[in-house]
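The report below introduces one protein model to a reader who has not met it before. It moves from the whole chain to charged side chains, and then to single residues.

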Amino acid sequence: MHPHTAAIKHGPSLEQAGAILTIDLAALRENYRRLRDRLGGAACAAVVKADAYGLGAGEVAAALRKDGCGTFFVAHAAEGLALRMALGAGPEILILNGIHPGAEVDCAEAGLIAVANSAAQLAAWRETARRLGRRLPVAIQGDTGMSRLGMPPSEVDGLAADALDGLDLKLVMSHLACADEPESPANEAQRAAFEDFRRKLPPAPASLANSSGIFLGGGYHYDLARPGAALYGVNPTPDRANPMRQVVRLEAKVIQTRDLPVGVGVGYGHAYRPMAPHRAATIALGYADGWPRRAAAAAFFDGQRLPFAGRVSMDSIILDISSLGRDLLPGELVELLGGNQTVDDIAILSGTIGYEILTSLGRRFHRRYLDG
Ligand SMILES: *Cc1c(COP(=O)(O)O)cnc(C)c1O
């Protein structure tokens, strides 16, 4: 290992785990700087919901703090409270789903910023400010055409004149439904609707762009961008080459190897029967680790592609290692995600998106965080 590389260990020990997930915080930080550079003058937040898309919200946020990231978005109050514990006072933490009834006081006391998605959420937050006897920060999300979260324009029109009393409006935001399709007319329609939405509220910083939205151009940048996936190496421009660095490397241990004679049944359902004699290796990773069962993928050793033979099991996968020219030993590692096979590659093979692959990565891995 590089002498300047600090390694923090998480999860089961290297010896006890079947697979190793390496999270390259230096690559993550470079991705952050690349996105920020594209934004010109706008600020760049980081979306770290769902435990930073499975990579560890505390570690990810602490790493991005080193590059000056001061604003983090999570989905739930519980995520926000955990992140506040991890980061301490200082950075802004916003709760995208808004704060569920009953959780307001805990969130206010932890200095979290509620995203008010409805007049009811706004009223509850205002009431919390009144009860606590102090002003509270708030963001208001508008629904500009995704029909998921946020106030429709009519709801903002119906807000009482004193709806923001006791609250500091920190951000007006909305979310794009089709940002990864630059040709979609929905983007410009949402941008125009967002302009209208902003005008209904007192002046405040604005935010519209997620990862892909940053690549739609300056008109979408406003004051603050909210990338998630691109930070973690998922391609924000699916029609073009990935401008981001890979952040995740997943390696699994070889358990045992064997010869496969012609015609023998391999794995569940005997879904594979070799037409020629093969050498096979069984590795310690399966669908219980979040590896999609339907991805007819491969593992890599020294850059050599080792295709899956038969079905993915819960805790193991059988590889055809005939092409390798040497046997694999128990404990040797093969790569499943990394430079040879990316998160996006596996998403395409399994009919999903990189987001789902990352957030599905399991809890049984030995986790290693690298920071140059
Ligand atoms: C998840 C989310 C983001 C981040 O989206 P990416 O596509 O991962 O960049 C930004 N804003 C909101 C409201 C979100 O829900």
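Helices (H or I, at least four residues) and strands (E, at least two) are DSSP runs, and they are numbered from the N terminus. What follows concerns a predicted model, in which local features need pLDDT of at least 70 and side-chain atom pairs count only at pLDDT 80 or more, while totals for chains, interfaces and linings use all residues. Residues are numbered from 1 along each chain as its sequence is written, and side-chain values use heavy atoms, with hydrogens and water left out.

## The chain as a whole

The protein chain has 11 helices and 18 strands, and its C-alpha atoms fill a box of roughly 80 × 40 × 40 Å, taken along the principal axes. A residue is called buried under 20% relative accessible area, exposed over 50%, and partly exposed in between, with a 1.4 Å probe and protein chains only. By that rule, buried residues make up 51% of the 372 residues in the protein chain.

Contact means heavy atoms within 4.5 Å. Of the contacts in the protein chain with a separation of 6 or more, 68% are accounted for by residues 24 or more positions apart. Accessible areas come from the Shrake-Rupley method with a 1.4 Å probe, and for residues only the protein chains shown count as cover. The accessible surface of the protein chain comes to about 16200 Å², and 52% of this belongs to carbon and sulfur atoms.

## Charges and salt bridges

Lys and Arg count as positive and Asp and Glu as negative, whereas His and the chain ends are not counted; the place of a charge is taken as NZ of Lys, CZ of Arg, CG of Asp or CD of Glu. The chain carries 38 positive and 40 negative charges, and the mean positions of the two sets are 3 Å apart.

Side chains of opposite charge can pair when their charged atoms come close. A salt bridge is a side-chain nitrogen of Lys or Arg within 4 Å of a carboxyl oxygen of Asp or Glu, and the structure holds 21 salt bridges. The table gives a few of them.

| Positive residue | Negative residue | N to O distance |
|---|---|---|
| Arginine 29 | Aspartate 67 | 2.6 Å |
| Arginine 34 | Glutamate 30 | 2.5 Å |
| Arginine 249 | Glutamate 251 | 3.0 Å |

Glutamate 251 counts as buried because its relative accessibility is 8%, whereas its partner arginine 249, with a relative accessible area of 35%, is partly exposed. Elsewhere, salt bridges that share partners join Arg29, Arg33, Lys66, Asp67 and Asp371 into one network.

Within that network, the side chains of arginine 29 and aspartate 67 meet in a salt bridge. This pair links distant parts of the chain, 38 residues apart, with arginine 29 in helix H1 (residues 25-38) and aspartate 67 in the loop between helix H3 (57-65) and strand E5 (71-74). Arginine 29 counts as buried at 17% relative accessibility, and aspartate 67 counts as buried at 12%.

Arginine 34 and glutamate 30, by contrast, both lie in helix H1, four residues apart, which is about one turn of the helix. Arginine 34 is partly exposed at 32% relative accessibility, and glutamate 30 is partly exposed with a relative accessible area of 24%.

A patch is made of residues with over 30% relative accessible area and no salt bridge, where like charges are joined within 9 Å and nonpolar side chains (Val, Leu, Ile, Met, Phe, Trp, Tyr) within 5 Å. Asp180, Glu181, Glu183 and Asp239 gather in such a patch of negative charge on the surface. Aspartate 180 lies in the loop between strand E9 (167-173) and helix H8 (185-199), and at 36% relative accessibility it counts as partly exposed.

## Single residues

Asparagine 187 has its place in helix H8 and is buried, with a relative accessible area of 2%. Leaving aside neighbours within four places in sequence, asparagine 187 is in contact with several residues, among them Leu176, Glu181 and Tyr220.

Leucine 21, in strand E2 (residues 19-24), is buried with a relative accessible area of 0%. Not counting residues up to four places away in sequence, leucine 21 touches residues including Val248, Arg249, Leu361 and Phe365.

Most residues other than glycine have a negative phi, and most peptide bonds are trans. Tyrosine 222, although not a glycine, has a positive phi of about 50°; it is placed in the loop between helix H9 (211-214) and strand E11 (224-225). Histidine 270 has a positive phi near 45° and is found in the loop between strand E12 (248-260) and strand E13 (278-283). Tyrosine 222 counts as buried at 17% relative accessibility, whereas histidine 270 is partly exposed, with a relative accessible area of 43%.
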